[in-house]
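Student: I would like to learn how to read pockets, cavities and cores in a model. Could we go through one together?
Tutor: Gladly; let us put it on the screen.

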Amino acid sequence: MEFGVWTKGLATLSVDCLVLGVFEEAQLGAQGASVDAACGGRLRKLLARGDFAGRAGDTLLVSDLPGLGATHVLLTGMGPAKQLQRRTWRKTWAAAAHALLRTRIASCAIALDRPDARELDDYYLGRAVAELTGAALYRINDLKTARKPPPPALKKVLAGPVRRAATTERGLAHGEAVAMAQSVQRDLANLPGNICTPTYLAEQARALAKRHTSLRARVLDEAAIRREKMGCLLAVAQGSHQPPRFIVLEYQGAKKSPAPIVLVGKGVTFDSGGISLKDPPGMDEMKFDMSGAAVVIAALTLAAQLRLPLHLVGLIAAVENMPGGRAVKPGDIVTSASGQTVEILNTDAEGRLILSDALHYARRFHPAAVIDIATLTGACVVALGHHHAGLMGNDATLVRELLEAGQRADDRCWQLPLTEEYAEQLKSNFADFANIGGRDGGAITAATFLGKFTQGLKWAHLDVAGTAYQSGAAKGSTGRPTALIADFLLKRAAR
Ligand code: BES
Ligand code: MN
Ligand code: ZN
């Protein structure tokens, strides 16, 4: 895909299609009005007939209007004019891109009305155009044997109108990288558990490091994990025939070697629940339980691709959680790498166990910040649904940075409290603490558990159980929160 910016002469641009916005009650936007003038009022005439009302997301393709360089105009509904926000604009372009991809149109110029620059500036316009085009182009990596549909015709997208073309071009380049990273996440997460095993994830990390000299991969096998005394991670892994892997992906793009940002990913390649076996309905979706790991790989790919001036470390705890004769049992007590003992009361609360050892491992890097990403709790889905990821942490600045990154990237998260009272619920008679805290506040008690291993670190936790994948007809990985993490990294790289 070729991205660029158009600067003037919308009506005479030689592209196949102009993408124009129509507000509710068939009101042409400012860009549309200029095109309408060039084609002798044909657009207004069409709208006056009531053929297109401008409802958000609706599109209408019109061809062969006189007086235009383009052969087509795609009218796209933007909803009410006074509610124009970044999210509306993004939804509009996403709808237009999907509509264009159903045609043979090869090039287009976007001339949708823009919200206020505080809502969507020149840079984020570019980001949104490239990222959403990439998302529209994404094809699920299914294993269907039927012939794949032909490649899309769309080859060139021009963004506009903009004030500073160079700023938008930078946004386009970054947005393209974000889309690429999202597809890395989605492809990995969509793979079934019998293909995407801990060993497979480790191989992918190694292959990635081979492609970029700025990336180094180290993989700890079971013996090396044992040497690190990661008793919690090993307890989860012991029920499976798939051996665990602990993956360290290091990106060095900074001149000096500053304290790194450490990203920690939950890599449960399949979560059956273990002895505390899950109910059958929807259990297949627990192949997505390595989404956090996929985000970490995606983020490091993006950093390497954009050569961000950052020092990053990705840590992935990769295991399969299975029942079996050797599996860990409710009541078993294990010792984590930090030396703290844990009573495993429910083997389905495995994510926090593997993350606790990974978070402890992060200490050796003397990190500037540690962020873990995990499909951690069903309770987070109950609390927040599927629109916001759960965010908790022990550092107000880091938490605020992530909240703002999520806003800008339209990949939002919502902070839940993480105060000391919740620790009560993790009390155990037999070990330092238990791995579950009861039903109430389940997303928070899970984070509280993680907090036992991050004292003294600047740490934040993203619970993406409700956002990393979708169920139902569109079942599959969503690519979230890769855009959030990318935005956070890009901001850190710029400071
Ligand atoms: N991977 C699940 C969390 C999950 C649930 C992700 C639903 C996506 C959708 C996690 O390992 C888990 O099983 N958590 C338990 C914890 C409980 C036993 C305290 C849960 O949420 O039920
Ligand atoms: Mn589980
Ligand atoms: Zn899990």
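Student: Which element gives the largest share of the lining of the second largest pocket?
Tutor: A good place to begin, with the reminder that this is a predicted model. Helix H11 (378-384) is one of the elements that supply at least two residues of that lining, and H11 has the largest share, three residues. The other contributors at that level are strand E10 (261-271), helix H10 (351-362), helix H13 (442-451) and E19.

Student: How many residues line the second largest pocket, and which lie nearest its centre?
Tutor: The lining has 35 residues, and those nearest the centre are Lys-278, Leu-376, Thr-377, Gly-378 and Ala-379. The volume of this second largest pocket is about 710 Å³. Sorted by class, its lining holds 11 nonpolar, 14 polar and 10 charged residues.

Student: What volume does the largest pocket have?
Tutor: About 990 Å³. Its lining is made of 31 residues, with Leu-132, Asp-410, Gln-470, Thr-478 and Arg-480 closest to the centre. H3 provides the largest share of that lining, five residues. H4, H5, strand E19 (469-470) and strand E20 (476-477) also supply at least two residues each. By class, the lining of the largest pocket divides into 10 nonpolar, 11 polar and 10 charged residues.

Student: Now the enclosed spaces. What is the general idea there?
Tutor: Rolling a probe the size of a water molecule over the atoms shows where empty space is left. In this structure, a search of the whole model finds two cavities of 30 Å³ or more.

Student: Which residues line the largest cavity?
Tutor: Its lining consists of Arg-86, Arg-90, Leu-120, Tyr-124, Arg-127, Ala-128, Glu-131, Arg-408 and Ala-409. The cavity has a volume of about 40 Å³. Three helices each give at least two of the lining residues: H3 (86-100), H4 (122-137) and H12 (396-409). H4 gives the most, with four residues. As for chemistry, the lining of the largest cavity has five charged and four nonpolar residues, and no polar ones.

Student: And the second largest cavity: which elements give two or more residues to its lining?
Tutor: Those elements are H4 and helix H5 (165-190). H5 gives the most to that lining, with four residues. The full list for the second largest cavity is Gly-134, Ala-135, Tyr-138, Ala-179, Gln-182, Ser-183 and Arg-186. Its space is about 30 Å³, and its lining divides into three nonpolar, three polar and one charged residue.

Student: Let us turn to packing. Which residues of the largest nonpolar core touch the most other members?
Tutor: That core has 97 residues, and Trp-89, Trp-93, Leu-462 and Ile-485 touch the most other members. Helix H9 (residues 291-306) gives the most to this core, with 11 residues. There is also a second, separate core of 43 residues, which includes Leu-353, Leu-355, Ala-358 and Ala-362.

Student: What is Leu-462 in contact with, leaving aside its neighbours within four places in sequence?
Tutor: Among its contacts are Ile-371, Ile-373, Ala-389, Leu-391, Pro-481, Leu-484 and Ile-485. Asp-372 and Cys-413 are also in contact with Leu-462.

Student: I would like to try a single residue. Why does Ala-369 count as buried?
Tutor: Ala-369 counts as buried because its relative accessible area is 1%, and the cut-off for buried is under 20%. Ala-369 lies in strand E14 (residues 369-374). Beyond its neighbours within four places in sequence, Ala-369 is in contact with Pro-260, Ile-261, Val-262, Leu-398, Lys-458 and Arg-492. For a sense of distance, the C-alpha atoms of Ala-369 and Pro-192 are 32 Å apart, with their places 177 residues apart along the chain.

Student: One last topic, the cysteines. How many disulfides are there?
Tutor: In general, a disulfide is a covalent bond between the sulfur atoms of two cysteines. Here the count is zero.

Student: Are Cys-196 and Cys-232 buried or exposed?
Tutor: Cys-196 is buried, at a relative accessible area of 1%. Cys-232 is buried as well, with a relative accessibility of 0%.

Conventions: Residues numbered from 1 in each chain as written. Chains lettered and ligands numbered in written order. Predicted model: local features only at pLDDT ≥ 70, side-chain atom pairs only at ≥ 80, totals over all residues. Heavy atoms only, no water. Disulfide = S-S within 2.5 Å. Buried < 20%, exposed > 50% of the residue type's maximum accessible area, 1.4 Å probe, protein only. 1 Å grid on protein atoms, 1.4 Å probe; cavity = no way out; pocket = protein on both sides within 12 Å on 5 of 7 lines; lining within 4 Å. Points joined across faces, edges and corners; volume = space filled by probe spheres on them. Nonpolar A, V, L, I, M, F, W, Y, C, P; charged D, E, K, R; others polar. Core = buried A, V, L, I, M, F, W, Y, C linked by side-chain atoms within 4.5 Å. Contact = heavy atoms within 4.5 Å.
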